[in-house]
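Colleague: Before I use this model, I would like to go through the labels attached to it and hear the reasoning behind each one.

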Amino acid sequence: MTELEHLKVTVKDTHATAEMLCDLSGWGIPWEGASINDGYSLHVGSKTSYLALYTPPKNPMPAAPKYYSGATLNHLGIVVDDLDTVEQKVIKRGYVPNSH
């Protein structure tokens, strides 16, 4: 069987992004530390399946408008046990849920 172990995403602030993801999902942080090219990485999820957040030493370039850039992540789909509860957490953080 083939499984996805992790997906790596470049973010502006690993700790702020991880805090949001842990709050919304209940995930933990199994590892964090120095990373490639003097950057910093933080894993959010479990020891066997996680989202790797990476911040380079300089702020990353802003992403192109949605769907117009070639080598960028468009979205993540995450299954939760209680969509209503998670949706309220998302709204409290100022995001507008859609397409679920």
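Modeller: Let us start with Asp38, which lies in the loop between E2 and E3, and bear in mind throughout that this is a predicted model.

Colleague: What makes Asp38 count as buried or exposed?

Modeller: The relative accessible area of Asp38 is 70%, and the label "exposed" asks for over 50%, so Asp38 is exposed.

Colleague: And what is notable about the phi of Asp38?

Modeller: Phi of Asp38 is near 65°, which is a positive value in a residue other than glycine. Most residues other than glycine have a negative phi.

Colleague: Which is the position of Asn37, and what is its phi?

Modeller: Asn37 is found in the loop between strand E2 (28-35) and strand E3 (39-45), and although Asn37 is not a glycine, its phi is positive, at about 55°.

Colleague: Why is Asn37 called what it is called, buried or exposed?

Modeller: Asn37 has a relative accessibility of 58%, and since the cut-off for "exposed" is over 50%, Asn37 counts as exposed.

Colleague: What makes Ala52, in strand E4 (residues 50-55), buried or exposed?

Modeller: Its relative accessible area is 3%, whereas "buried" requires under 20%, and therefore Ala52 is buried. Leaving out residues up to four places away in sequence, Ala52 touches His6, Leu7, Lys8, Val9, Leu42 and His43.

Colleague: How do you know that those residues touch Ala52?

Modeller: A contact is called when heavy atoms lie within 4.5 Å, and the residues listed for Ala52, among them Val9 and Leu42, are in contact by that rule. A C-alpha separation is another quantity: for Ala52 and Ile29, which are 23 residues apart along the chain, it is 9.9 Å.

Colleague: Thr14 lies in helix H1 (residues 14-25); why is Thr14 called buried or exposed?

Modeller: At 4% relative accessibility, Thr14 is under the 20% cut-off, so Thr14 counts as buried. Apart from its neighbours within four places in sequence, Thr14 is in contact with Tyr40, Leu42, Leu53, Tyr54 and Thr55.

Colleague: Which residues of helix H2 (residues 83-92) are buried, and what puts them on the same side?

Modeller: Val86, Glu87 and Val90 are the buried residues there. They cover an arc of only 105° around the axis, and therefore they lie on the same side of H2. An α-helix has 3.6 residues a turn, so residues three or four places apart point the same way. On the other side of H2, Asp84 and Lys92 are exposed, while the cover over the buried residues of H2 includes H1. Just after H2, Gly94 has a positive phi of about 90°.

Colleague: Which residues of the largest nonpolar core touch the most other members?

Modeller: That core has 13 residues, and Ala18, Leu21, Val44, Leu51 and Leu53 touch the most other members. H1, E3, E4 and H2 each supply at least two residues of this core, and the largest share, five residues, comes from H1. As for Ala18, with residues up to four places away in sequence set aside, it touches Ile29, Leu42, Val44 and Leu53.

Colleague: Which residues form the nonpolar patch on the surface?

Modeller: Leu4, Leu7, Trp27, Leu76, Ile78, Val80 and Leu83 form the patch, with about 570 Å² of accessible area together.

Colleague: What makes Leu4, found in the segment before strand E1 (6-10), buried or exposed?

Modeller: Leu4 has a relative accessible area of 63%, and membership of a patch asks for over 30%, while "exposed" asks for over 50%; Leu4 is therefore exposed.

Colleague: Asp81 is in the loop between E4 and H2; why is Asp81 called buried or exposed?

Modeller: With 86% relative accessibility set against the cut-off of over 50%, Asp81 counts as exposed. The C-alpha atoms of Asp81 and Ser25, 56 residues apart along the chain, are separated by 9.5 Å.

Colleague: What is the pattern of the whole protein, read along the sequence?

Modeller: The pattern is β-α-β-β-β-α, from two helices and four strands. Of the 100 residues, 25% count as buried, and the protein exposes about 7,600 Å², of which carbon and sulfur atoms supply 55%.

Methods
Residues are numbered from 1 along each chain as its sequence is written. This is a predicted model: local features need pLDDT of at least 70, side-chain atom pairs count only at pLDDT 80 or more; totals for chains, interfaces and linings use all residues. Side-chain values use heavy atoms; hydrogens and water are left out. Buried means under 20% relative accessible area, exposed over 50%, partly exposed in between (1.4 Å probe, protein chains only). Accessible areas come from the Shrake-Rupley method with a 1.4 Å probe; for residues, only the protein chains shown count as cover. The arc is that of the directions from the helix axis to the C-beta atoms. A nonpolar core is a set of buried Ala, Val, Leu, Ile, Met, Phe, Trp, Tyr and Cys residues joined through side-chain atoms within 4.5 Å. Patches are made of residues with over 30% relative accessible area and no salt bridge: like charges are joined within 9 Å, nonpolar side chains (Val, Leu, Ile, Met, Phe, Trp, Tyr) within 5 Å. A salt bridge is a side-chain nitrogen of Lys or Arg within 4 Å of a carboxyl oxygen of Asp or Glu.
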